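Here are my notes on the voids and the aromatic contacts. Please read them with the coordinates open.

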Amino acid sequence: MRNVTGSMEPWAAGPLFEWRGAGPGEGAAGPVLLSVPHAGRAYAPAVLARSRMGLSHLQRLEDRHADLLIEDLAARGCRALVARVPRAVIDLNRDPRDIDPVLVHGIPHGEPLIQSAKQRGGLGLFPRSLPRSGDLWRGAMGWDEASSRIAQMHRAYHGELERSLDRLCRHHGQALLVDVHSMPPLLPSGRNGERADVVIGDRFGASASARLSEMAGSVLRAEGLRVALNHPYAGSYLIERHGQPGRGRHALQIEISRDLYLDGALEEPGAGLARMRGALTRLVEALERELSRDRWSEAAE
């Protein structure tokens, strides 16, 4: 494990994010890069003091313990960038312009902002509220704090991903970013009345080649999991930004149902964690082999 950066900001408790497995330039690695942006659980005292409802409500924003899912992959040297700052502080899977003016005061005139559907529901770059819970914070933050969070966390995190993808592309000819998330257990749906255990998102083919998405689904189904593609999660800002299949940069979002690896309360690691670690490891290994076959095929032509 290698810490990337720390912060003395009151909203941060220790390092902001860290590399697991082989960090940039540290030893050989395959063409797959992992990202875990929503599992951060290092809550600074200043963040908790500002919360209207306390830690348990802020934790509802987490992809609870999703970083534990990639431990076997990190142990075999797969690069993984893991956020330690909680999603309640800043959502790394949102556009940095997706700022709720209700939550941030003193925004400079002319600052380019957007308003997404997620923001209207309280879940923009800086989460403001949760369904059935109401507002998360006692008051708004100033623009200085907001811009500091963006620069030190959002811009830095995505910069690390971009530089690592650049290195992998130079070495392997192409690269794949696998963005790991977890989701609440879904209700059964569809003709068979079954729920999805895992949802693969490729933004309807915009962030990765269909071949890689199809292979990911096949591997996970062979693990005995029920898999959906793009419904109800097609992927958001992170794979939209980094997935450029025309340039050999692919990005997939993987959403794993929390009841498959957490306990019955969906709070702590459960008996299924080892199974899901193994499934994710075999998924990445299969995708690495496929990308490597592409490279050798091109070299032979």
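How do the residues of the lining of the largest pocket divide into nonpolar, polar and charged?

1. The model is predicted. Read each point below with that in mind.

2. To the opening question: the lining of the largest pocket has 13 nonpolar, ten polar and 15 charged residues. The pocket holds about 1100 Å³ of space. Its lining counts 38 residues. Nearest the centre lie L61, R87, L123, P184 and R258.

3. Which elements supply that lining? At least two residues each come from α2 (55-59), β9 (175-183), α7 (237-242) and β12. The largest share is that of β9, with three residues.

4. Now the closed spaces. A search of the whole structure gives two cavities of 30 Å³ or more. The largest cavity contains about 70 Å³ of space. The second largest has a volume of about 40 Å³.

5. The largest cavity is lined by V47, R50, A88, V89, L103, F126, P127, W137, G139, M141 and R149. By class, that lining splits into eight nonpolar, one polar and two charged residues. Glycine is counted as polar, so the polar residue is G139. Arginine is counted as charged, so the charged residues are R50 and R149.

6. The second largest cavity has V198, L220, L225, I254, I256, M276, A279 and L280 around it. Two elements give two or more residues to this lining: β12 (249-257) and α8 (273-300). The largest share, three residues, belongs to α8. The class count is eight nonpolar, no polar and no charged residues. Note that β12 also supplies at least two residues of the lining of the largest pocket.

7. On aromatic contacts, the structure holds one aromatic pair. The ring centres of F17 and Y157 are 5.6 Å apart, and their planes stand at 85°. Angles over 60 degrees count as edge-to-face, so this pair is edge-to-face.

8. What does the pair join? F17 sits in strand β2 (residues 17-20), and Y157 in helix α5 (residues 143-172). The pair therefore ties together parts that are 140 residues apart in sequence.

9. Are the two partners buried or exposed? The cut-off for buried is under 20% relative accessible area. F17 has a relative accessible area of 1%, so F17 is buried. Y157 has 0%, so Y157 is buried too.

Methods. Residues are numbered from 1 along each chain as its sequence is written. This is a predicted model: local features need pLDDT of at least 70, side-chain atom pairs count only at pLDDT 80 or more; totals for chains, interfaces and linings use all residues. Side-chain values use heavy atoms; hydrogens and water are left out. On a 1 Å grid over the protein atoms alone, a cavity is a set of points where a 1.4 Å probe fits but cannot get out, and a pocket is an open set with protein on both sides within 12 Å along at least five of seven lines; lining residues have an atom within 4 Å of a point. Grid points are joined across faces, edges and corners, and a volume is the space filled by probe spheres set on the points. Helices (H or I, at least four residues) and strands (E, at least two) are DSSP runs, numbered from the N terminus. Rings of Phe, Tyr and Trp (its six-membered ring) pair if their centres lie within 6.5 Å; planes under 30 degrees apart count as stacked, over 60 as edge-to-face and the rest as tilted. Buried means under 20% relative accessible area, exposed over 50%, partly exposed in between (1.4 Å probe, protein chains only).
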